[in-house]
Amino acid sequence: MLEQNGFTITWKTENVNFCRAHKDYLHSPKFVASTLQNTEWILKLDIFRKDMDIDSLKVTLRRLDSVPDIFTVNIGMAIVIPGHSDQDLGKKELASLKKNQEMSFTTNNLDSKISELFLDNMLTICCHISMPSVKSVISEKCVAQTRVGVERICCPWRIENFSTNYPVVVSLYSSMSNSAHNLESKGITWLTNGFLSIKICRKQAVNDGMLQVIGKISVLDVRGRTKFSTEDKFCFCPNADIWYFQISANKSALFRECQLQLTNDKMVMLCDFTFFTEVTSEIIGYVWLPPVFQSVVENKKTKENLSPKAENCYDFAKYQMNFAPKREAPCQENSADRPGRLKDDFKKLYKQRIHCDIVLCAGNKSIPCHKAILCSRSPVFKAMFDNQMKEALRREVEIPDLDGDNLHRFLMYVYSEELEDMDWIIAKKLLYAANKYEIKSLMRECSYFLKTHLSKSNVCEALEFSDMHQDHSLKTSCQEFVFKHATEVFASKDWKDFTVKKPLLSAETFQKYFESKK
């Protein structure tokens, strides 16, 4: 836990995970520490750099001013995780810094993995600076924020005359017309290896400057099920303005698996593009507090225990620390008159099944639902209903990946974010459905359940499942479990069967295991 006297900056970063498509570092806004002789500083976050370990990040504090020439300070750095104790990035360091000199801290010594430090794709860093042998009369706090701009679009493309030598892509991006990053297809060709290559360009109106994008294209069969899926990333710039997106499946496999003989030689692909816009940074505000009142705020003491003077300062500090208007206290009501929570109301709406306008079918069960709810929770459902695919026209959607009971669990979560009667098999099925329909919160819930229920008898199954669905966090947890129980796992029959079934994945795991022993 960092000390409270001196200067403390809390730097909140948003969409840091997307830096790998933008760049491998971020800077905080410049900040001035008036309690440290008005010295100027900046923080830098290095992440996903090629010369760094894949599961580490580095935070650097740099001095920007030159007066005084040499400034000696104690520096502490921590990652803040709401609801948990702060993760200190090493012990407090004493440093004498000139202009443009810096001190760095890394996460190499933390017990937590990088993926566990992020909450809703946000990372919060806390840096404390103090002068040694000087007792601060005032404690100063600063809050800063940096955001990587992200825009995501998910809609289908339709290919006509698919089996001919001259297939045609028809763009159906109705929602893309409102985007500043409008993409279009300039043609489609069959490569010599039999794979499909789509030529993607920016429209002329926006064809300037640099634009990073991550794309995922899924090929759907006649019933709307994903048969093939490919991910790629590209950076549009004046010297590279054509993206050749390759679908890793040959023509015969696509024709057979997607049952194109039933669609009049038409194919539908679901395209998911994430664009990266500018990085913005700002100082949200500063707070100065005497140490006695700083202690009051940090310990959240009640106003009944304070003197009138301290009470007034406590109110002021609490207002400044929130950086937002206070909300009025809720009025007291009888429990019989109190309205239900929003989650409970949506749960009741699902169970009563009134005013429904679509039906989801799985196995022998059909469940009426509401398009608006499905669209708000899943970009895949939104694309399906917005673009009048045949399921929307028939007002019936087949969910072949789930049985009736698990469809009910899936929809219960969609409406209320509640999971019922979870076990290993259910978690795997729901994770598959959550991945297909891109319900991120359900993906995290199911992945967490699997990670916390790993055993020597199921880790091979979980490792194969995580690799199949590109769940990198679950895959890392599985491999770490294997490393921890290497003697038993590597000697088991399950592992021997796994090496035959998944030779590349088992070889990758072996390699990482031996690298961890160096």
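How many bridges join strand 13 to strand 14? In this predicted model, strand 13 and strand 14 (residues 195-202) run antiparallel and are joined by seven bridges. One position in this pairing can be named: T189 has S197 of strand 14 as its bridge partner.

## The sheet of strands 13, 14 and 17

Strands 13 and 14 belong to an open sheet of three strands, ordered 13-14-17, in which the pairing is antiparallel. Strand 13 (183-190) and strand 17 (242-250) are the edge strands, and each of them pairs on one side only. On average, neighbouring strands of this sheet are turned by 25° against each other, direction ignored. As a general point, the side chains of a regular strand alternate between the two faces of the sheet.

## The sheet of strands 19, 20 and 21

Another open sheet of three strands follows the order 20-19-21, and its pairing is mixed. Strand 20 (365-369) and strand 21 (396-398) stand at the edges with a single partner strand each, so one side of each has no neighbour in the sheet. The twist from one strand to the next averages 25°.

Strand 19 (residues 358-362) pairs with strand 21 in the parallel sense, over three bridges. Within the sheet, L360 stands opposite V397 of strand 21. A helix is also placed against these strands: helix 10 (residues 404-416) lies across strand 19 and strand 20, and runs at about 15° to strand 20.

## Strand 6 and its partners

Strand 6 (residues 71-80) is mostly covered, with eight of its 10 residues buried. Strand 6 pairs in the antiparallel sense with strand 8 (residues 93-97), over five bridges. In this pairing, V73 stands opposite A95 of strand 8. Strand 6 is also joined to strand 10 (residues 122-130) by seven bridges, and these two strands run antiparallel. Here I75 has I129 of strand 10 as its bridge partner.

The table sets out four of the strand pairings described in this report.

| Strands | Sense | Bridges | Residues facing each other |
|---|---|---|---|
| Strand 6 and strand 8 | antiparallel | five | V73 and A95 |
| Strand 6 and strand 10 | antiparallel | seven | I75 and I129 |
| Strand 13 and strand 14 | antiparallel | seven | T189 and S197 |
| Strand 19 and strand 21 | parallel | three | L360 and V397 |

## Aromatic pairs

The structure holds 16 aromatic pairs. One of them is formed by F490 and Y513, whose arrangement is edge-to-face, with 5.3 Å from centre to centre and 80° between the planes. F490 lies in helix 15 (residues 486-490) and Y513 in helix 17 (residues 503-516), so this pair ties together parts that are 23 residues apart in sequence. Are these two residues buried or exposed? Both F490 and Y513 are buried. They also belong to one aromatic cluster, which is formed by F483, F490, W495, F498, F510 and Y513.

## Cysteines

A disulfide is a covalent bond between the sulfur atoms of two cysteines. The structure holds zero disulfides. C478, for instance, is in no disulfide: the nearest cysteine sulfur, which belongs to C460, is 9.2 Å away. The cut-off for a disulfide is a pair of cysteine sulfur atoms within 2.5 Å. C478 is itself buried, with a relative accessible area of 0%.

How values were computed: Residues are numbered from 1 along each chain as its sequence is written. This is a predicted model: local features need pLDDT of at least 70, side-chain atom pairs count only at pLDDT 80 or more; totals for chains, interfaces and linings use all residues. Side-chain values use heavy atoms; hydrogens and water are left out. Buried means under 20% relative accessible area, exposed over 50%, partly exposed in between (1.4 Å probe, protein chains only). Helices (H or I, at least four residues) and strands (E, at least two) are DSSP runs, numbered from the N terminus. Two strands pair if DSSP finds at least two bridges between them. Axes are lines fitted to C-alpha atoms, for helices over the stretch in contact, and angles run from 0 to 180 degrees between N-to-C directions. Contact means heavy atoms within 4.5 Å. Rings of Phe, Tyr and Trp (its six-membered ring) pair if their centres lie within 6.5 Å; planes under 30 degrees apart count as stacked, over 60 as edge-to-face and the rest as tilted.
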